[in-house]
Amino acid sequence: MKLLLVAVGRTTMDIVRRGVDEYLGRLSHYVPVEVKIIADVKRTASLTPQRQKEMEGEAILAALQPSDRVVLLDENGREFTSREFATYCERLMASGAKRVAFIVGGPYGFSPAVYDR
């Protein structure tokens with residue numbers, strides 16, 4: 001199994017970036033990890049939040065393969081302890097998924113198309 005982390009926009013906080021790099025480095029000892037950063041949508045002042053979500057959603061969907069198992073990380077999701085998350089990942093690995101995509105959305109969340117996927 002491979003892991004894909006898709007995120008909309010780069011973080012400007014150095015401490016967050018270092019934490020992500022540290023965790024991905026540790027994780028890569030156990031499973032191949034790929035990171036795809038979706039560029040921020042430009043000129044957002046002229047866009048509605050819905051249109052911005054749609055544009056980000058199109059880019060997110062383009063980064064995915066049809067066989068990917070998709071896990072959206074948003075405010076409505078389940079919270080896991082570290083052990084619960086490890087168990088969840090073990091179940092994903094046992095399910096035969098070739099690649100699992102963890103997706104972090106933009107400031108307004110995900111478009112309906114991404115939720116449908």
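A salt bridge is here a side-chain nitrogen of Lys or Arg within 4 Å of a carboxyl oxygen of Asp or Glu. The exercises below apply this and related criteria to a predicted model.

**Exercise 1. Find the salt bridges of the structure, and state which residues are linked in a network.**

Solution. Step one is the total, for the structure holds eight salt bridges. Step two is the network, in which Glu34, Lys36, Asp68 and Arg99 are linked by salt bridges.

**Exercise 2. Examine the pairs Glu22–Arg26 and Arg51–Glu54, and decide where each pair lies and whether its residues are buried, partly exposed or exposed.**

Solution. Step one takes helix H1 (residues 14–27), where Glu22 and Arg26 lie four residues apart, about one turn of the helix, and where their side chains meet in a salt bridge at 2.9 Å, N to O. Since exposed means over 50% relative accessible area and buried under 20%, Glu22 with 45% is partly exposed, whereas Arg26 with 53% is exposed.

Step two takes helix H2, in which Arg51 and Glu54 stand three residues apart, again about one turn, with a salt bridge of 3.3 Å, N to O, between their side chains. Arg51, at 33% relative accessible area, is partly exposed, and Glu54, at 31%, is partly exposed as well. Arg51 also forms a salt bridge with Glu58, the closest N and O atoms being 3.8 Å apart.

**Exercise 3. Determine which face of helix H2 is buried, and what its buried residues pack against.**

Solution. The helix has 14 residues and spans 20 Å from its first C-alpha to its last, close to the 20 Å expected at 1.5 Å a residue. Its buried residues are Gln52, Lys53, Glu56, Gly57 and Ile60. Seen down the axis of H2, these buried residues fall within an arc of 135 degrees, so they line one face of the helix. That buried set packs against E1, E2, E4 and helix H4 (112–116), while the face turned away from it carries the exposed residues Glu58 and Ala62.

**Exercise 4. Describe the order of the strands in the sheet, and explain why E2 and E3 each have one side without a neighbour.**

Solution. The sheet is open and consists of four strands in the order E2-E1-E4-E3, with parallel pairing. Strand E2 (33–38) and strand E3 (69–73) stand at the edges with a single partner strand each, so one side of each is left without a neighbour in the sheet. Neighbouring strands are turned by 20 degrees against each other on average, direction ignored.

Note on methods: Residues numbered from 1 in each chain as written. Predicted model: local features only at pLDDT ≥ 70, side-chain atom pairs only at ≥ 80, totals over all residues. Heavy atoms only, no water. Pairing = 2+ DSSP bridges. Helix = DSSP H or I, 4+ residues; strand = E, 2+ residues; numbered from the N terminus. Axes fitted to C-alpha atoms, helices over the stretch in contact; angles between N-to-C directions. Expected span 1.5 Å × (residues − 1). Buried < 20%, exposed > 50% of the residue type's maximum accessible area, 1.4 Å probe, protein only. Arc of directions from axis to C-beta. Contact = heavy atoms within 4.5 Å.
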